[in-house]
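Visitor: I am new to this structure and would like a close look at a single part of it. Could you take me slowly through the place where the ligand sits?

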Amino acid sequence: MAIYLIRHGTDEEGFRGGWSQRGLVVEGYRQSEKLGAYLKENQSGFPIHRIVSSDLQRALDTANEIAGFLKLPVESSGHWREMNNGVIAGMPNEIVNERFPGLYFSSLRMDERYPGGESPLEFYSRIQETLKRLSEEQISKNHLENVMIVTHGGVINIVYHLLKGLEWTNKNKAFPASNTGMHKVEYANGQWELTLENGLAHL
Ligand SMILES: O=C(O)[C@@H](CO)OP(=O)(O)O
């Protein structure tokens, strides 16, 4: 039983991400096509039965590309979204710098919300809950299924901290999560363990 976590392909530069609904650029589509083709060719090594995607456009674009190769439907979910950065989501960096100078993820206090968005602590709790729910469901109901989750760098970083038993804060250095990098989490001997970190064999 495995959970595959994929970060979406490359998206537009020059804008604040978070809950931005901007999609992939050409390179992001190419990376996603390559991952889809690789997974199709290597189905015995990477058997995937279900695809769940963050419902933000850059993740959905990535998931739809992969799903086309694997002939699977995409289930979209708001739970796997990046941190909610409220009013600055998708805004050009230049405008954010004028209107909200110094407002960055790592500059927030752990309990301080982005204007109209989440605090780092709320983001952490959402991902902790979402991972807990998925891993419990996998154990109890879907234990014969491997699920792929298409999500975001910030989310994958929280999952790493949870699985490695490390304290997470918004000041920590992030674990590597490249665009379309693949992370495999397997259940063995009563616990979930990372067995592939940022796999990029498809690129
Ligand atoms: O919100 C963002 O811009 C980044 C932060 O890690 O996430 P991603 O590009 O993976 O969505």
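**The ligand and its surroundings**

Guide: Before we look closely, please keep in mind that this is a predicted model. The space that the ligand takes up is the largest pocket, and the residues surrounding the ligand there are Arg7, His8, Gly17, Gly18, Arg58, Glu82, His152, Gly153 and Gly154. Sorted by class, this shell holds 6 polar and 3 charged residues, with no nonpolar residue in it.

Three of these side chains deserve a closer look. Histidine 8 places a polar side-chain atom 2.8 Å from an oxygen atom of the ligand, and histidine 152 likewise has a polar side-chain atom at 2.8 Å from a ligand oxygen atom. For glutamate 82, an N or O atom of the side chain is 2.7 Å from an oxygen atom of the ligand. Taken on its own, the ligand has 310 Å² of accessible area, and the protein covers 71% of that.

To set this pocket within the whole, the protein has 5 helices and 6 strands, which follow one another along the sequence in the pattern β-α-β-α-β-α-α-β-α-β-β. Its radius of gyration is 17 Å, close to the 17 Å that the globule rule gives for 203 residues, and the protein is therefore as compact as a globular protein of that length. Along the principal axes, the C-alpha trace of the protein spans about 50 × 40 × 25 Å.

Definitions and conventions
Residues numbered from 1 in each chain as written. Predicted model: local features only at pLDDT ≥ 70, side-chain atom pairs only at ≥ 80, totals over all residues. Heavy atoms only, no water. Near = heavy atom within 4 Å. Polar contact = N/O pair within 3.5 Å; in protein donor to acceptor, adjacent residues only side chain to side chain. Areas by Shrake-Rupley, 256 points an atom, 1.4 Å probe, with all protein chains shown as cover. 1 Å grid on protein atoms, 1.4 Å probe; cavity = no way out; pocket = protein on both sides within 12 Å on 5 of 7 lines; lining within 4 Å. Sits in = over half its atoms within 2 Å of the grid points. Nonpolar A, V, L, I, M, F, W, Y, C, P; charged D, E, K, R; others polar. Helix = DSSP H or I, 4+ residues; strand = E, 2+ residues; numbered from the N terminus. Rg over C-alpha atoms; globule rule 2.2 N^0.38 Å.
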